[in-house]
Amino acid sequence: MCIRDRYQRRVRGLCTLLQVNNMPPKKAAAPASKKAAAANKGGKKTTKKWSKGKSRDPLQNAVMFDQVTLDKLEKEVPKYKLITPSVISDRLKISVAVAGHGLVMLAKKGAIKLVSSSAKFKIYTRAIEA
């Protein structure tokens with residue numbers, strides 16, 4: 001036990017003996033009038049209503065090739081600069097899986113060229129003839 005701790009204990013003991021209190025006595029709380037209570041309360045805020053959010057109508061994409069979309073795929077798609085299954089799905093209104101199969105078919109024909117391939121995403125571009 002250091003000297004400072006001994007000193008603090010003695011001071012505390014003396015304060016309790018002498019009943020020294022540095023704090024002023026507590027004042028009794030006066031009952032507030034209704035007007036004062038209303039002024040302190042402030043105006044009532046309306047509760048925030050949550051919005052429903054943006055709703056998206058479900059896509060009605062085709063799940064099989066018909067002759068019209070197959071013709072569009074063979075004529076228009078090889079002219080695009082960037083070709084991905086999602087781009088084709090969006091423009092031709094077909095599912096992404098069907099668009100991916102169509103792009104594989106075009107790549108085998110040589111109409112488009114594979115640029116990058118991963119397990120999830122394939123990127124094609126137009127075949128440039130030199």
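Reading from the N terminus, the elements of the chain follow the order α-α-α-α-α-β-β. That gives five helices and two strands in this predicted model. Of the 130 residues of the chain, 17% count as buried. Among contacts in the chain with a separation of 6 or more, 49% join residues 24 or more positions apart. Here is a quick tour, starting from the core and working through the helices around it.

**The nonpolar core**

- The largest nonpolar core has 13 residues, and those with the most contacts inside it are Val77, Ile83, Ile88 and Leu103.
- Helix H4 (85-92) and helix H5 (96-109) each supply at least two residues of this core.
- H5 gives the most to the core, with four residues.
- As a general point, nonpolar side chains in soluble globular proteins tend to be buried together.
- If you would like one residue to click on here, try Leu103: leaving aside neighbours within four places in sequence, Leu103 is in contact with Val77, Ile83, Thr84, Pro85, Ile88, Ile112 and Tyr124.
- Three of the other residues with the most contacts inside the core, Val77, Ile83 and Ile88, are thus also found on the contact list of Leu103.

**Helix H4 and its partners**

- The buried residues of H4 are Pro85, Val87, Ile88, Ser89 and Leu92.
- These buried residues pack against helix H3 (67-75), H5 and strand S2 (122-126).
- Ser89 has its place in helix H4, and Ser89 counts as buried because its relative accessible area is 7%, under the 20% cut-off.
- Not counting residues up to four places away in sequence, Ser89 touches Asn61, Ile94, Ser95, Val96 and Ala99.

**The loop after H4**

- H4 is followed by Lys93, a residue with a positive phi near 60°.
- Lys93 is found in the loop between H4 and H5.
- The positive phi of Lys93 occurs in a residue other than glycine.
- With 48% relative accessibility, Lys93 counts as partly exposed, because that value falls between the 20% limit for buried and the 50% limit for exposed.

**How H3 meets H5**

- The axes of H3 and H5 come within 11 Å and cross at roughly 45°.
- That angle makes H3 oblique to H5, because it lies between the 35 degrees that bound roughly parallel and the 65 degrees where roughly perpendicular begins.
- H3 passes H5 in a right-handed crossing.
- From H3, the contact is made by Leu70, Leu73 and Glu74, and from H5 by Gly102, Met105, Leu106 and Lys109.
- Sorted by class, this contact of H3 with H5 has four nonpolar, one polar and two charged residues.

**Val68 on H3**

- Val68 lies in helix H3.
- Val68 is exposed because its relative accessible area is 57%, over the 50% cut-off.
- From C-alpha to C-alpha, Val68 and Leu92 are 9.9 Å apart in space, with their positions 24 residues apart in sequence.
- Leu92 is one of the buried residues of H4, whereas Val68 is exposed.

Methods
Residues are numbered from 1 along each chain as its sequence is written. This is a predicted model: local features need pLDDT of at least 70, side-chain atom pairs count only at pLDDT 80 or more; totals for chains, interfaces and linings use all residues. Side-chain values use heavy atoms; hydrogens and water are left out. A nonpolar core is a set of buried Ala, Val, Leu, Ile, Met, Phe, Trp, Tyr and Cys residues joined through side-chain atoms within 4.5 Å. Buried means under 20% relative accessible area, exposed over 50%, partly exposed in between (1.4 Å probe, protein chains only). Contact means heavy atoms within 4.5 Å. Axes are lines fitted to C-alpha atoms, for helices over the stretch in contact, and angles run from 0 to 180 degrees between N-to-C directions. Angles under 35 degrees count as roughly parallel, over 145 as roughly antiparallel, 65 to 115 as roughly perpendicular and the rest as oblique. A crossing is left-handed if the near helix is turned anticlockwise from the far one by less than a right angle, and right-handed if clockwise. Ala, Val, Leu, Ile, Met, Phe, Trp, Tyr, Cys and Pro count as nonpolar, Asp, Glu, Lys and Arg as charged, and the others, Gly among them, as polar.
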